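This report is a guided reading for someone who has not met this structure before. It goes through side-chain contacts and then through the helices that carry them.

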Amino acid sequence: MLGKEAVALADAWRPNGIGAEEKARWLSQIDGRLLKELYALYDGEEKEMPLYTPEGEEELLAPAPYDELYVYGLCARYDFTMGEIERYNMDAMLFDETWKGLAGYLQSVFAPKQKNRVQGGNRP
């Protein structure tokens with residue numbers, strides 16, 4: 001999913017006056033978390049943090065069908081910003097469920113990174 005597609009879906013669900021720069025920053029934060037908290041745990045295709053722009057032409061990191069994560073994340077931010085706490089809680093729950101689904105998918109597809117460490121001393 002492209003950034004502009006996630007923004008368009010979230011804007012359709014939650015019309016708002018939030019600027020494109022802020023939305024690009026929020027998408028960057030989501031993918032920053034994905035890289036640090038999920039993708040960093042597994043061997044496989046190395047991913048780098050893309051620089052998202054307000055135009056939203058960049059491909060987001062989460063694959064389909066887990067790319068709904070971005071829409072839920074944006075809606076949660078919109079709702080929190082507007083003080084819509086009940087909607088925020090629902091969006092946050094959907095975000096968390098999608099996050100867990102993506103984590104399970106990555107665990108089933110990629111081997112965990114090895115953390116072999118040799119600590120001092122001679123072993124027989």
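## A salt bridge within helix 2

In this predicted model, Glu22 and Arg25 are joined by a salt bridge whose closest N and O atoms are 2.6 Å apart. The two residues are 3 residues apart in helix 2, which means that about one helical turn separates them. An α-helix has 3.6 residues a turn, so residues three or four places apart point the same way.

Are the two partners buried, partly exposed or exposed? Glu22 counts as partly exposed, at 27% relative accessibility, and Arg25 is likewise partly exposed, at 39%.

## Salt bridges between separate parts

The structure holds 7 salt bridges, and some of them join parts that are separated in sequence. One of them brings together the side chains of Lys4 and Glu57, with 2.8 Å from N to O. Because Lys4 lies in helix 1 and Glu57 in the loop between helix 2 and helix 3, this pair ties together parts that are 53 residues apart in sequence. Lys4 is partly exposed, with a relative accessible area of 38%, and Glu57 also counts as partly exposed, at 47% relative accessibility.

Another salt bridge links Lys23 with Asp11, and here the closest N and O atoms are 3.0 Å apart. Lys23 belongs to helix 2 and Asp11 to helix 1, so the pair ties together parts that are 12 residues apart in sequence. Lys23 is buried, with a relative accessible area of 6%, whereas Asp11 is partly exposed, with a relative accessible area of 24%. Salt bridges also link Arg14, Asp79 and Asp91 in a network.

## Aromatic rings and a charge over a ring

A search of the whole structure finds 5 aromatic pairs. One of them is formed by Trp13 and Tyr72, whose rings are tilted, with 6.1 Å from centre to centre and 35° between the planes. The tilted label applies because the angle is neither under 30 degrees, which would count as stacked, nor over 60, which would count as edge-to-face. Since Trp13 lies in helix 1 (residues 3–13) and Tyr72 in helix 3 (residues 68–81), the pair ties together parts that are 59 residues apart in sequence. Trp13 is partly exposed, with a relative accessible area of 42%, while Tyr72 is buried, with a relative accessible area of 11%.

Elsewhere, Arg33 lies over the face of Trp99, at 4.4 Å from the ring centre. Trp99 is itself one of the buried residues of helix 4.

## The buried side of helix 1

Which residues of helix 1 are buried? They are Gly3, Ala6, Val7 and Ala10. These residues cover an arc of only 95° around the axis, which puts them on the same side of helix 1. The buried residues of helix 1 pack against helix 2 (20–38) and helix 3.

## Helix 4 and what covers it

Helix 4 (residues 85–109) has 25 residues, and the span from its first C-alpha to its last reaches 36 Å, close to the 36 Å expected at 1.5 Å a residue. Its buried residues are Asp91, Ala92, Phe95, Thr98, Trp99, Leu102 and Leu106. What covers these buried residues includes helix 2 and helix 3. Asp91, which is buried in helix 4, also takes part in the salt-bridge network with Arg14 and Asp79.

How values were computed. Residues numbered from 1 in each chain as written. Predicted model: local features only at pLDDT ≥ 70, side-chain atom pairs only at ≥ 80, totals over all residues. Heavy atoms only, no water. Phe/Tyr/Trp six-rings, centres within 6.5 Å; stacked < 30°, edge-to-face > 60°. Helix = DSSP H or I, 4+ residues; strand = E, 2+ residues; numbered from the N terminus. Buried < 20%, exposed > 50% of the residue type's maximum accessible area, 1.4 Å probe, protein only. Lys NZ or Arg CZ within 6 Å of the ring centre and 35° of its normal. Arc of directions from axis to C-beta. Contact = heavy atoms within 4.5 Å. Expected span 1.5 Å × (residues − 1). Salt bridge = Lys/Arg side-chain N within 4 Å of Asp/Glu carboxyl O.
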